[in-house]
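Reader: Hello! I am new to this structure and would love a close look at one part of it. Could you walk me through it in a friendly way?

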Amino acid sequence: MTTPDDAIVVDNIHKSYGDLRAVNGLTFTVHPGEFFGILGPNGAGKTTALEIIEGLRKPDQGSVRLLGHNPFPRTVALLPRIGVQLQASAFFTKLTAREQLETFAALYGIETQRAHDMLDLVGLTDKAGTREDKLSGGQRQRLSIACALVHDPDIVFLDEPTAALDPQARRNLWDVLRAIQARGKTIVYTTHYLDEAEILCDRVAIMDKGEILALDTPAALVRGLDAPTRIILDKSTAPRDLPGADEVTEDDLSVTITTRAPALVLTALAERGALDGLQVRTATLEDVFLHLTGREYRA
Ligand SMILES: Nc1ncnc2c1ncn2[C@@H]1O[C@H](COP(=O)(O)OP(=O)(O)OP(=O)(O)O)[C@@H](O)[C@H]1O
Ligand SMILES: [Mg+2]
């Protein structure tokens, strides 16, 4: 169901490159303030879909409403309200990180201080004077994210923003994105990291071969699998004959108990003092992907 207040309404969009159907009939809506993830392996059609929604590409078929406007061809009214970070980012040549942001700020009529704040936000203050072509891949990526945010847009599009980031920078960006969402902004992002999407996103669309295979909250997708819980114990401490265990397998080091009654198994383990080093694994979005496609997910 769509309402006039939806931030994004995508209706049956298609895009082919020659014979290749990159996007093959996508329909979904994104609500204001939502953190929406588009997930899927290489070549799934994520970037193509995003570029159509951003108004960078014209769909062969179907329509998009972005904040109530048709995004293609690009509308001046829309540009200040959307922020776009592309998978392959482009900068003004020969400018430093600070100058890139100051230039973007000037183009949008934003005060210079905001440019400096954005450098700080993405942790690039100490690289402010470095030319864009001398930044590392992850630093370039952070700069492009800062450029997408500098004019404080209502909707932010990020195409694999965490792909080249080290673990610390990735965590920092999560905090930045959560803070943006907390201010009521809408975020649409793509990622290969299903575990990350599970943490960040309100809803995710899982794409493969140009189509959406599933769209829901991560929790609902995982719950829908009705998958058993796995409890993993150190082999030396694992008791035998536990109530509630559906299957018990073991390798050299550990014993894995598969169960649909985890409370029963855990209670029995606690009673026998066997909780040390125990790991509990529930299903994840990777299991959802496997279930949907019959293939293991490979980022
Ligand atoms: N400009 C183009 N010309 C021809 N084919 C293209 C073009 N852009 C993308 N494709 C093809 O369309 C399909 C979808 O590509 P797209 O870039 O949308 O995938 P993606 O999900 O973003 O992948 P990745 O995770 O690798 O970024 C791929 O098979 C790709 O080879
Ligand atoms: Mg892509």
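Let me start with one residue: is I52 buried or exposed? And once that is settled, please show me the helix around it and whatever sits beside that helix.

Author: Happy to! One thing to keep in mind as you look is that this is a predicted model.

I52 is buried, because its relative accessible area is 1%, and buried here means under 20%. I52 belongs to helix α1, which runs over residues 46–54. To get a feeling for where I52 sits, pick out V122 as a second landmark. The two residues are 70 apart along the chain, and 27 Å separate their C-alpha atoms.

Now follow the chain out of the helix. G55 is in the loop that connects α1 with β4, a strand covering residues 61–66. G55 is buried as well, since its relative accessible area is 2%. F104 makes a handy reference point for G55: the C-alpha atoms of these two residues are 19 Å apart, with their positions 49 residues apart in the sequence.

Let us turn back to helix α1 and look at what it holds. T47, in this helix, uses its OG1 atom to coordinate the magnesium ion, which is ligand 2. The other coordinating atom is OE1 of Q87, and the distances are 1.9 to 2.2 Å. This pair brings together distant parts of the chain: T47 is in α1, while Q87 is in the loop between β5 (82–85) and α2 (97–107), 40 residues apart. Q87 counts as partly exposed, because its relative accessible area is 45%, which falls between the 20% and 50% limits.

Ligand 1 is the next thing to find beside the helix. The shell around ligand 1 has 15 residues, and the closest are G43, K46, T47, T48 and H192. You will recognise T47 from the magnesium site. Several side chains come within polar reach of ligand 1. An N or O atom in the side chain of T48 is 2.6 Å from one of the oxygen atoms of ligand 1. For N42, the corresponding distance from a side-chain N or O atom to an oxygen atom of ligand 1 is 2.8 Å. E160 also takes part, with a polar side-chain atom 3.3 Å from an oxygen atom of ligand 1. Taken alone, ligand 1 exposes 630 Å², and the protein buries 64% of that. Two elements give two or more residues to this shell, namely β2 (20–30) and α1. The largest share comes from α1, with three residues. By character, the shell divides into seven polar, five nonpolar and three charged residues.

The loop that holds Q87 deserves a short visit too. K94 lies in this loop between β5 and α2. K94 is exposed, because its relative accessibility is 61%, over the 50% limit. The backbone of K94 has a phi near 70°, a positive value in a residue other than glycine. Most residues other than glycine have a negative phi, and most peptide bonds are trans. A further positive phi, of about 50°, is found at K209, also not a glycine. K209 sits in the loop between β8 (203–208) and β9 (211–216). K209 counts as exposed, because its relative accessibility is 59%. There is also a cis peptide bond, which joins F72 and P73 with omega at about -5°. P73 is in the loop between β4 and β5.

Finally, step back to place all this in the whole protein. The domain assignment gives domain 1 (8–217) and domain 2 (228–282). Their centres, taken over C-alpha atoms, are 42 Å apart. You can also trace a long line across the model from K94 to T256: their C-alpha atoms are separated by 56 Å, and the residues are 162 apart along the chain. The C-alpha atoms of the protein fill a box of roughly 70 × 45 × 35 Å along the principal axes. The protein has nine helices and 13 strands, and 45% of its 299 residues count as buried. I52, where you began, is one of the buried residues, with a relative accessible area of 1%.

Terms used
Residues numbered from 1 in each chain as written. Chains lettered and ligands numbered in written order. Predicted model: local features only at pLDDT ≥ 70, side-chain atom pairs only at ≥ 80, totals over all residues. Heavy atoms only, no water. Domains from an automatic or database assignment. Donors = N, O, S within 2.8 Å, 3.2 Å for Na, K, Ca; no water. Helix = DSSP H or I, 4+ residues; strand = E, 2+ residues; numbered from the N terminus. Buried < 20%, exposed > 50% of the residue type's maximum accessible area, 1.4 Å probe, protein only. Near = heavy atom within 4 Å. Polar contact = N/O pair within 3.5 Å; in protein donor to acceptor, adjacent residues only side chain to side chain. Areas by Shrake-Rupley, 256 points an atom, 1.4 Å probe, with all protein chains shown as cover. Nonpolar A, V, L, I, M, F, W, Y, C, P; charged D, E, K, R; others polar.
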